Amino acid sequence: TLIFSMFLFVRSEPFITLLNLVSALFFGALMLTTHHKKDLGFLDYFIAPLVLVIKSVFTSSEYYFEYSQKKEGSKGIKIVETTFGIVVTLFLMAIILPLLSSVNPFFKRVVENFWTYLNLENLLNSLGLETLFVWSIRLVFFLAFIFIIPKVLTLINKNYDYSIPIHLRKEGFPLQIPKVALAIILFVFFITQLQFYSAGDEVLKSMGISYSQHTREVFAQLSIVATIILLLIYNDKGKSHMGTLLTWILGLQGIFLTAMAYKSVFEYINAWGLTYKRLYGLTFATWITGIIALFLDNYKKGGQAALFVKRSIIFSGVVLILVNIFNFDYLIYHYQKATTGQGVDYTFLSTLSPDSLSYSDQFSKLKTVTEKGEYSLAEYNNKNPLIILYKIETLQKKYSTFNFRTFSLFDYLQYREVKSIDTKSLREYYEKKVYY
């Protein structure tokens, strides 16, 4: 939990930030819900945090701001509850009013008249929509934590079972036939796959399959099949010799499938460079391979399912930490840039986050080709140069006055590289070039 919380102040790429936030909350919730000795399964570990939150909402808090027992008519509590209710109401109105206005033009006119009467548009313009949005999100999180944390503290001090109720548990599914069928299908698939790999370009073209389509589809589909194999062998509780043999066969086939997926995506990377999808695809393939390997190791040793579940969760956390450390944005730009048939894809590269530490280099490239006059996409493959200029200006504006609440380490490192760059002339040139 602490590690992922720390990464929130280090990384700036939106998706990895979301992963870090979800991971911090998930592992934090697990820390609160898994203190009892009862062994939990996979679903238990995923359901427990959700049950904790739902149960907490309906739990009477034993902790208050007065640090004493709640008194009747306590003003402190009423103020918090009233403020929370107002914020939730405003949030709902922000969603409901636009939806209803889009359905009924008469209602839309009423809303617009009321908006004009309160002079809200001028108020929002003076405050700044972006500033108002950021502070609104902060306020929502602040009030949500004030509301839920005392209730969570109350609940975890009680001996409550967060696992799936015993009457909802299944003894095990009859999966012998599905395992046999899948094993046979995969053997046939491996034979045909060897034919596919040995097929030349002419054969692929006659089948209407391009090289990029072939590699993309193979990677996605094989990863999905490997996931299905894992779910199948994990949920089969049979103890027969045939069942054991099929589990080993399917497990090894699953690893072999992910090896094929690796081959396909590496071929595509060698041809067209790195992108988010390819790197996260490799990450998923690595994760599913590790989980299958952990399962087979636990299966061989006859270990309890609970031990495999715990090791899998720890392994998943390690994978997420490594994703943060490897910094995909930096790898994409500095290791193997994404390309198209027209060369390096600067249109895509300009969308990278500050984690890439590439803005200064991209600006220099843009400035150099612009000074030469008109250029072709073969010389500089960027269909919208305004993107990188906007990102540089956003960083310059963000750190013109330092604010620790919005600080991100890679954001700041990138800002130091571009703080003295003047984008005005290039921005004016490309605004006229693109829009006029």
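Let me start with the aromatic rings: this model, which is a predicted one, has a count of 21 aromatic pairs. One of them is Phe15 with Tyr280, an edge-to-face pair with 5.0 Å from centre to centre and 85 degrees between the planes. That pair links distant parts of the chain, since Phe15 is in helix H2, residues 14-33, and Tyr280 is in helix H12, residues 276-301, with the two positions 265 residues apart. Phe15 counts as partly exposed, because its relative accessibility is 39% and the partly exposed class runs between 20% and 50%. Another edge-to-face pair is Phe26 with Phe27, at 5.5 Å centre to centre and 80 degrees between the planes.

Rings also gather in a group. Phe9, Tyr399, Phe402, Phe404, Phe407, Tyr412 and Tyr415 are linked by ring pairs into a cluster. Tyr333 has a charge for company: the charged end of Lys337 sits over the Tyr333 ring, 4.5 Å from its centre.

Now the overall picture. The protein has 436 residues, and 35% of them count as buried. Its secondary structure comes to 19 helices and 2 strands. Taking contacts between residues at least 6 apart in sequence, 73% join residues at least 24 apart. The protein exposes about 26,800 Å², and carbon and sulfur atoms supply 68% of that.

Next, a residue inside a helix. Is Thr258 buried or exposed? Thr258, in helix H11, residues 241-272, is buried, because its relative accessibility of 2% is under the 20% limit. Leaving aside residues up to four places away in sequence, Thr258 touches Ala226, Ala285, Ile288 and Thr289. With Thr289 there is also a polar contact, 3.0 Å between the two side chains.

On to helix H17, residues 386-398. Why do its end C-alpha atoms come out 18 Å apart? The helix has 13 residues, and at 1.5 Å a residue, counting one less than the number of residues, it should span 18 Å, so the distance in the model agrees. The buried residues of H17 are Leu386, Ile388, Leu389, Ile392, Leu395 and Gln396.

Leu389 brings us to Asp422. The two residues are 33 apart along the chain, and their C-alpha atoms are separated by 9.5 Å. Asp422 is in the loop between helix H18, 409-418, and helix H19, 424-435. Unlike the buried Leu389, Asp422 is exposed, because its relative accessible area of 57% is over 50%. A polar atom of the Asp422 side chain lies 3.2 Å from the backbone nitrogen of Lys424.

Last, two backbone angles. Most residues other than glycine have a negative phi. Which residues here have a positive one? Asn327 has a phi near 55 degrees, and Leu357 has a phi of about 50 degrees. Asn327 is in the loop between helix H13, 305-326, and helix H14, 328-334. Although it is in a loop, Asn327 counts as buried, because its relative accessibility is 4%, under the 20% limit. Leu357 is in a loop as well, between helix H15, 346-349, and helix H16, 359-371.

Note on methods: Residues are numbered from 1 along each chain as its sequence is written. This is a predicted model: local features need pLDDT of at least 70, side-chain atom pairs count only at pLDDT 80 or more; totals for chains, interfaces and linings use all residues. Side-chain values use heavy atoms; hydrogens and water are left out. Helices (H or I, at least four residues) and strands (E, at least two) are DSSP runs, numbered from the N terminus. Buried means under 20% relative accessible area, exposed over 50%, partly exposed in between (1.4 Å probe, protein chains only). Contact means heavy atoms within 4.5 Å. Accessible areas come from the Shrake-Rupley method with a 1.4 Å probe; for residues, only the protein chains shown count as cover. A polar contact is a pair of N or O atoms within 3.5 Å; within protein, one must be able to donate a hydrogen and the other to accept it, and residues adjacent in sequence count only if both atoms are side-chain atoms. Rings of Phe, Tyr and Trp (its six-membered ring) pair if their centres lie within 6.5 Å; planes under 30 degrees apart count as stacked, over 60 as edge-to-face and the rest as tilted. A charge sits over a ring if NZ of Lys or CZ of Arg is within 6 Å of the ring centre and within 35 degrees of the ring normal.
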